[in-house]
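Let's take a walk through this structure together, one region at a time. Keep the 3D view open and follow along as we go.

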Amino acid sequence: MFPIFSAGTSSQPGRCWAEVKISPRSLAVEILDRIDTTGAFAEPLLDAFLRDHLLDSAPDRHLLTSLVYGTLRMRGRLDWIIQQLYQGRFSSMQGGIRNILRTALYQFLFMERIPAFALVDEAVELAKLRYPGREKLVNALLRNAVRKVSANELSYPDFQKTPVEHIAVMHSHPPWLVRRWLSVYGTERCRSLCMANNQVPPVAIRVNSLKADRSTLKEILEHEGFTVSESSFSPDALLITDPPRHLRLTSTSREGLFILQDEASQLIGRLVAPAAGEAILDVCCGTGVKTTHLASLMSNQGRILAVDLYPAKLEALNRLSSRMGISNIEIRQADASTMEDETAFRNMFDRILVDAPCSGLGTLRRNPEIKWRLQPRALPSYSRLQEQILNRAAAFLHRGGCLVYSTCTILPEENELLIGKFLSRHDEFRQIRLSDASFAYPTLVDENGFFRTAPDTSGMDGFFAALLTKE
Ligand SMILES: C[S@@+](CC[C@H](N)C(=O)[O-])C[C@H]1O[C@@H](n2cnc3c(N)ncnc32)[C@H](O)[C@@H]1O
């Protein structure tokens, strides 16, 4: 649980938030501040704020969600504008002031029907209460921004002269990432990826086949006021095109009839394709989004050993399993890169899922905070950990069994390059090219037989998966 308002602290002097009139804008600034200062993700924070019913009306709740995600997605462009107009050092500006400016500017640039004077006034009021004395800066900077943008007086970086800066500012991604994607994918793909990352992602749910079928759940949700369609990719998915309320608060969610899960993530379970009665190892199970899918595909029969490093995630998996009526998952807290009990597990499993910890760069639509948080120097440590976990898990597969290695990133060193290295060191393993494996979704298979999705090509999150077998 999160206390709803943080009091002013010595690092963020100012008055308690309790004095601030609660509005979608003040809450958005509060959430953005917490994302910056605590490293939290937007989704659970928003869930907690919405669950506490601080905002009663559906439009206000929708506005809060749009403001938080929109400001995070467009932060690169917003910060660039603020830096053009701010006389001091942007990096020394108080984080709270930055978020007041960003949210106001986001509304002005990207949201309709909010008059400029109203959003400037509200930003100034917020600054006055939280950072007395700084309201003059907020007022002057926002009025200047409104004037310059309206008069088309801001000149953005030129694509011909500085392509990286141009894409980074116009499509709001960090320059290091634009540089990487330009070198891997070229200009057009880099641009289309960045643009797709700034879109609102579809809301997909996975129907728990142990408790409901797709058409019945569709009817129930429609009856509750949602606009629902069946997806043409995942046979377990429903797409919610008009979520008037928060889906997780519905009784069907609480009773475990479905779980929110992107379609690409659902297709990973289909790729593992476990059968009832088999022995499955899920070495990076997290909170069990994919583990519970595997259990449903096995009709709750057989055995799944679910491993993760973090006890809190395993506890969440336990809660999710019982909500979904699943009883064939056994959990184990362990470091999958150094897992012990090798002799007990060696050659034991029919199928293994290695859903490796990764940079998450395929999920920037849903988790835009990642692009501002991730440092390029962290990337090699992901590849090292992925390699260690895959090497360790490989020993536990029996001959003839299948191993799926998956990530939600689109960087080659976490995906195909890593698999190439693994295969060159493990003669006993062979890749099953999905093009040769009668995989049901040929459009999601690349020229090397790997599973690959991306927001700009398939409309799903960016996932990668390789299917391997032990001979
Ligand atoms: C991509 S997430 C897995 C998501 C999960 N499979 C799902 O569908 O919900 C990667 C997981 O690896 C876990 N992890 C990170 N390092 C680990 C390690 N050394 N050993 C085991 N699990 C680890 C993280 O806690 C995280 O839950």
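What you see is a predicted model. A good place to begin is the ligand, which is surrounded by 16 residues, with Cys284, Gly286, Val289, Lys290 and Ala336 the closest. Helix H14 (289-297) and strand S6 (303-308) are the elements that give two or more residues to this shell. By character, the shell around the ligand divides into 8 nonpolar, 3 polar and 5 charged residues.

Cys284 leads us on to Val354, since the two appear together in the next part of the tour. Leaving aside neighbours within four places in sequence, Val354 is in contact with Cys284, and also with Val283, Ile389, Leu390, Ala393, Leu403 and Tyr405. Val354 is part of the largest nonpolar core, which has 83 residues; along with Ile352, Ala393, Val404, Tyr405 and Ala465, Val354 touches the most other members. Another core, of 36 residues, lies apart from it and includes Ile97, Tyr106, Ala127 and Leu141. In soluble globular proteins, nonpolar side chains tend to be buried together.

Now turn to an open sheet of 4 strands, with antiparallel pairing and the order S2-S3-S1-S4. Strands S2 (227-230) and S4 (258-260) stand at its edges with a single partner strand each, so one side of each has no neighbour in the sheet. On average, neighbouring strands here are turned by 35 degrees against each other, direction ignored. Strand S1 (residues 203-207) pairs with S4 over 3 bridges in the antiparallel sense, and Ile205 stands opposite Leu260 in S4. Helix H11 (residues 214-223) packs on this sheet, touching S1, S2, S3 (237-242) and S4. The direction of H11 makes about 165 degrees with that of S2.

Technical notes. Residues are numbered from 1 along each chain as its sequence is written. This is a predicted model: local features need pLDDT of at least 70, side-chain atom pairs count only at pLDDT 80 or more; totals for chains, interfaces and linings use all residues. Two strands pair if DSSP finds at least two bridges between them. Axes are lines fitted to C-alpha atoms, for helices over the stretch in contact, and angles run from 0 to 180 degrees between N-to-C directions. Two residues are in contact if their C-beta atoms, placed from the backbone, lie within 7 Å. A residue is near a molecule or strand if its C-beta atom, placed from the backbone, lies within 6 Å of it. Ala, Val, Leu, Ile, Met, Phe, Trp, Tyr, Cys and Pro count as nonpolar, Asp, Glu, Lys and Arg as charged, and the others, Gly among them, as polar. A nonpolar core is a set of buried Ala, Val, Leu, Ile, Met, Phe, Trp, Tyr and Cys residues joined through C-beta atoms within 7 Å. A residue is buried if 20 or more other C-beta atoms lie within 10 Å of its own, exposed if 12 or fewer, and partly exposed in between; C-beta atoms are placed from the backbone.
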